[in-house]
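Student: I should like to learn how to read backbone angles and buried helix faces. May we look at an example together?

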Amino acid sequence: MRILVDADACPVKKEILNVAKEYNVEVQMFLDNSHVYEDGYSTVFILDKGRDSVDYFLINKMQEDDIIVTQDYGVATMALSKKGYPINQNGMLYNDDNILALLNQRALNQKLRRHKNMKGPKKRTTNDSINFEESLRLLIKSKL
């Protein structure tokens, strides 16, 4: 079990590292070349900025039972198909029971945004990070 992170816009890198170090779990961060990142613990992969290049590289590196941290429903879907454990930045575990509804909601929201001036997602709170860290810790404990 490793933690692979779709890290370009990931707001919980610090929390991931805290939990990973606590359980001695390997972390791999995947970013495009418009970002600079180093934390002294994780392996960092810097990839070309091509469309979805980070996503596909991450999924190709993924192994069964890896934990995938991503906000991207497409990445989560591919991770589920390879028997991984995708989790979002707020601690929600993606699974076979919720992924289709999430993909459908995303498609509906995209359609609505094209026709209306809608607000973006709500601002991130401290509780979101706390929930993520607790969920990640529980997920790791369940796999050890």
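Student: What value does phi take at Asn24, just after H1?

Tutor: Most residues other than glycine have a negative phi. Here, in a predicted model whose local features need pLDDT of at least 70, with side-chain atom pairs counted only at pLDDT 80 or more and totals for chains, interfaces and linings using all residues, Asn24 has a positive phi of about 55 degrees although it is not a glycine. Residues are numbered from 1 along each chain as its sequence is written, and side-chain values use heavy atoms, leaving out hydrogens and water.

Student: Where is Asn24 found, and is Asn24 buried or exposed?

Tutor: Helices (H or I, at least four residues) and strands (E, at least two) are DSSP runs, numbered from the N terminus. Asn24 lies in the loop between H1 and E2. Buried means under 20% relative accessible area, exposed over 50%, and partly exposed in between (1.4 Å probe, protein chains only). Asn24, at 66% relative accessibility, therefore counts as exposed.

Student: What is phi of Lys83?

Tutor: Lys83, a residue other than glycine, has a positive phi near 65 degrees. Lys83 sits in the loop between H3 and strand E5 (85-87).

Student: Which residues of helix H2 are buried?

Tutor: In H2 (residues 53-61), they are Val54, Asp55, Leu58 and Ile59. They are on the same side of H2 because they cover an arc of only 125 degrees around the axis, taken from the directions from the helix axis to the C-beta atoms.

Student: What do the buried residues of H2 pack against?

Tutor: Their contacts (heavy atoms within 4.5 Å) include strand E1 (2-6) and helix H3 (73-81).
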